[in-house]
Amino acid sequence: MIPLNNPTENNNVPDRPWGLTLVTPDDPLTAISAVPLVHFPDDAPVLYVTKTGIPAVTLNEIKRLGDTGISRFNNVDAFLVGAAANPTVESQLKSIGLKYYAITAPDVYQLANKVDQVYGSIQNPDTGVPQMETSASTGATAPRT
């Protein structure tokens, strides 16, 4: 993890998520495609919204979490992925002062590609490509942090 005093960081509060990933529960492939956004440096846990807005229980949790904004990504507070990027959700987030970034595409394959592009631009701004390293013991790859 990059220390908070690193010049590329903006002293985000270490015990708060930096952002949120909002998806709808009726589209598991979109939710799975959004999983990279949960990883460092975004620290953006997944919460469910609907196509008609943010349920009260979720809105209360968003307020309770008090995300700090993703300093590497213009202090965006929430990613709206797929059908979560709808006018009602956007309006509700604006009303509580949260910045959001919508990630949508015509199909799940293009959506997954867009998620990777967004994650790569945050995780590795020099190239825009997520960095992967190989484990010497297993040969498996994992995102670098």
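A polar contact here is a pair of N or O atoms within 3.5 Å; inside a protein, one of the two must be able to donate a hydrogen and the other to accept it. Keep that handy for the first exercise, and remember that this is a predicted model.

**Exercise 1. Work out where Asn-86 sits and which backbone oxygens its side chain meets.**

Step 1: place the residue. Asn-86 belongs to the loop that joins strand 3 (78-81) to helix 3 (87-95).

Step 2: is Asn-86 buried or exposed? The cut-off for buried is under 20% relative accessible area. Asn-86 comes out at 7%, so the residue is buried.

Step 3: look for polar partners. The Asn-86 side chain gets to the backbone oxygen of Thr-50 at 3.2 Å. A polar atom of that side chain also lies 3.5 Å from the backbone oxygen of Lys-51.

Step 4: widen the search to contacts. Setting aside residues up to four places away in sequence, Asn-86 touches Thr-50, Lys-51, Thr-52 and Gly-53.

**Exercise 2. Sort out the sheet and say which helices lie against it.**

Step 1: get the strand order. Four strands make an open sheet, ordered 2-1-3-4, with parallel pairing.

Step 2: find the edges. Strand 2 (46-48) and strand 4 (100-103) are the edge strands, each pairing on one side only. On average, neighbouring strands are turned by 25° against each other, ignoring direction.

Step 3: zoom in on one pair. Strand 3 and strand 4 pair in parallel over four bridges, and Phe-79 has Tyr-101 in strand 4 as its bridge partner.

Step 4: add the helices. Helix 3 packs on the sheet, touching strand 1 (20-23), strand 3 and strand 4, and its direction makes about 170° with that of strand 3. Helix 4 (108-123) lies across strand 3 and strand 4, at about 140° to strand 4.

**Exercise 3. Follow Phe-73 into the largest nonpolar core.**

Step 1: locate Phe-73. You'll find Phe-73 in the loop between helix 2 (56-65) and strand 3. With 17% relative accessibility, Phe-73 counts as buried.

Step 2: list its contacts. Beyond neighbours within four places in sequence, Phe-73 contacts Phe-79, Tyr-101, Val-118, Ser-121 and Ile-122. Phe-73 and Ser-121 are 48 residues apart along the chain, yet their C-alpha atoms are separated by 8.4 Å.

Step 3: step back to the core. The largest nonpolar core has 18 residues, and Phe-73 is one of those with the most contacts inside it, along with Leu-37, Phe-79, Val-81, Ile-103 and Val-118.

Step 4: which element supplies the largest share of this core? Helix 4 does, with five residues.

Note on methods. Residues are numbered from 1 along each chain as its sequence is written. This is a predicted model: local features need pLDDT of at least 70, side-chain atom pairs count only at pLDDT 80 or more; totals for chains, interfaces and linings use all residues. Side-chain values use heavy atoms; hydrogens and water are left out. Helices (H or I, at least four residues) and strands (E, at least two) are DSSP runs, numbered from the N terminus. Buried means under 20% relative accessible area, exposed over 50%, partly exposed in between (1.4 Å probe, protein chains only). Contact means heavy atoms within 4.5 Å. A nonpolar core is a set of buried Ala, Val, Leu, Ile, Met, Phe, Trp, Tyr and Cys residues joined through side-chain atoms within 4.5 Å. Two strands pair if DSSP finds at least two bridges between them. Axes are lines fitted to C-alpha atoms, for helices over the stretch in contact, and angles run from 0 to 180 degrees between N-to-C directions.
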